Amino acid sequence: MRFTSYEPAVDPQVMRPPAVRAPGDVYAYGTGGEEFAKMNKVAAQRQDDLDAADVMQARNEMMTRLTEQLYGENGLFTTGVGEHAKGLMQRTTAAINETFADVGKKYNARVQFALKGNLNENMANFQRIAASKEMAEQKALAKESLAANLSGNVQQAALTWQVNGAPTMYVKSGERLLLAQAQREGWSGEMLASERQKMVTDVAAAAAGAAIENEDYERADEILFWMR
């Protein structure tokens, strides 16, 4: 019987360990990996708790700092009166954004996102207060300016009582001032007429009064007749 030559498939001089395979037993890592899931859940919950604590801490810091910036002795709302009220809304918004950025940089992105939502209504309230205060101060300024200008007309009418057409000129000036104010504030026609009547009376009284003081009764009668 003839045999063919045989060549071993494995070189006896070379070590060839068997391939490593992942165990197929679901319990190889302990109860089918459930322990890892539990550990991950605990870790996630701990992170949530830490983030929640950071959000509250950051919120308290922001509110404290903003309250001081807005309502403190030199706060925006405290000093934002008269001419200083111009741009109050913009300055308030800038203070909010700058404070949020400064406080938020201490915390992770999750905390920053949650903090923004947590403070949203508070920040909107601050902005509404700023806008309302700015508008109110502007109205007060316009009202003061109107009163000053009307008063100036009355004084000038008293000084120029002898000048023909002077009382008329100051009445026309007062009418323009009142019409502009009426448009800004939405006065009714009745209110505008009432304010005009008062203005004309003041101008006439000043001019006629000055004429009477100077014993020019004819001129006083002339002024009152025209104004009537």
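Okay, let's start with one residue, Glu-137: if we skip its neighbours within four places in sequence, Glu-137 touches Gly-80, Val-81, Gly-82 and Ala-85. Keep in mind that we're looking at a predicted model. Where does Glu-137 sit? You'll find Glu-137 in helix α4, which covers residues 109-159. And is Glu-137 buried or exposed? Its relative accessible area is 18%, so Glu-137 is buried, since the cut-off for buried is under 20%.

Let's zoom out for a second. The protein has seven helices and zero strands, so if you read the elements from the N terminus on, you just get α-α-α-α-α-α-α. There are 228 residues, and 28% of them count as buried. Now take the contacts with a separation of 6 or more: 69% of those are between residues 24 or more positions apart.

Next, how do the helices pack? When two helices pack, we describe them by the angle between their axes and the distance between the axes.

Back to α4, then, and its partner α5. These two pack at an angle of about 170 degrees, with their axes 10 Å apart. Anything over 145 degrees counts as roughly antiparallel, and that's why α4 and α5 get that label. On the α4 side, the contact includes Lys-139, Ala-142, Lys-143 and Leu-146. On the α5 side, you'll see Tyr-170, Ser-173, Gly-174 and Leu-177 among the residues taking part. Sort the whole contact of α4 with α5 by class and you get seven nonpolar, six polar and four charged residues.

Moving along the chain, helix α5 is residues 166-185, and its axis comes within 10 Å of the axis of α6, crossing at roughly 155 degrees. That makes α5 roughly antiparallel to α6. If you like handedness, α5 passes α6 in a right-handed crossing. From α5, the contact uses residues including Pro-167, Tyr-170, Val-171 and Gly-174. From α6, among them are Leu-192, Glu-195, Arg-196 and Met-199. The class split for α5 with α6 is eleven nonpolar, one polar and three charged residues.

One more helix pair: α6, residues 189-213, and α7. Their angle is about 170 degrees, and their axes are 7 Å apart. So again, α6 and α7 are roughly antiparallel to each other. Here Val-200, Val-203, Ala-204, Ala-207, Ala-208, Ala-211 and Ile-212 in α6 meet Tyr-217, Arg-219, Ala-220, Ile-223, Leu-224 and Met-227 in α7. By class, that contact has twelve nonpolar residues, no polar ones and one charged.

Did you spot Arg-219 in that list? Let's look at it. Arg-219 is part of helix α7, residues 217-227. Arg-219 counts as buried because its relative accessibility is 10%. What does Arg-219 touch, leaving aside neighbours within four places in sequence? The answer is Trp-161, Gln-162, Val-163, Asn-164, Pro-167 and Ala-211.

Last stop, the rings. The count comes to one aromatic pair. That pair is Tyr-71 and Phe-77, with ring centres 5.1 Å apart and planes at 85 degrees, so we call the pair edge-to-face. Are the two partners buried or exposed? Phe-77 is buried, at a relative accessible area of 7%, whereas Tyr-71 counts as partly exposed, at 44% relative accessibility.

That's my tour, thanks!

How values were computed. Residues numbered from 1 in each chain as written. Predicted model: local features only at pLDDT ≥ 70, side-chain atom pairs only at ≥ 80, totals over all residues. Heavy atoms only, no water. Helix = DSSP H or I, 4+ residues; strand = E, 2+ residues; numbered from the N terminus. Buried < 20%, exposed > 50% of the residue type's maximum accessible area, 1.4 Å probe, protein only. Contact = heavy atoms within 4.5 Å. Axes fitted to C-alpha atoms, helices over the stretch in contact; angles between N-to-C directions. Parallel < 35°, antiparallel > 145°, perpendicular 65-115°, else oblique. Nonpolar A, V, L, I, M, F, W, Y, C, P; charged D, E, K, R; others polar. Phe/Tyr/Trp six-rings, centres within 6.5 Å; stacked < 30°, edge-to-face > 60°. Left-handed = near helix turned anticlockwise from the far one by under 90°.
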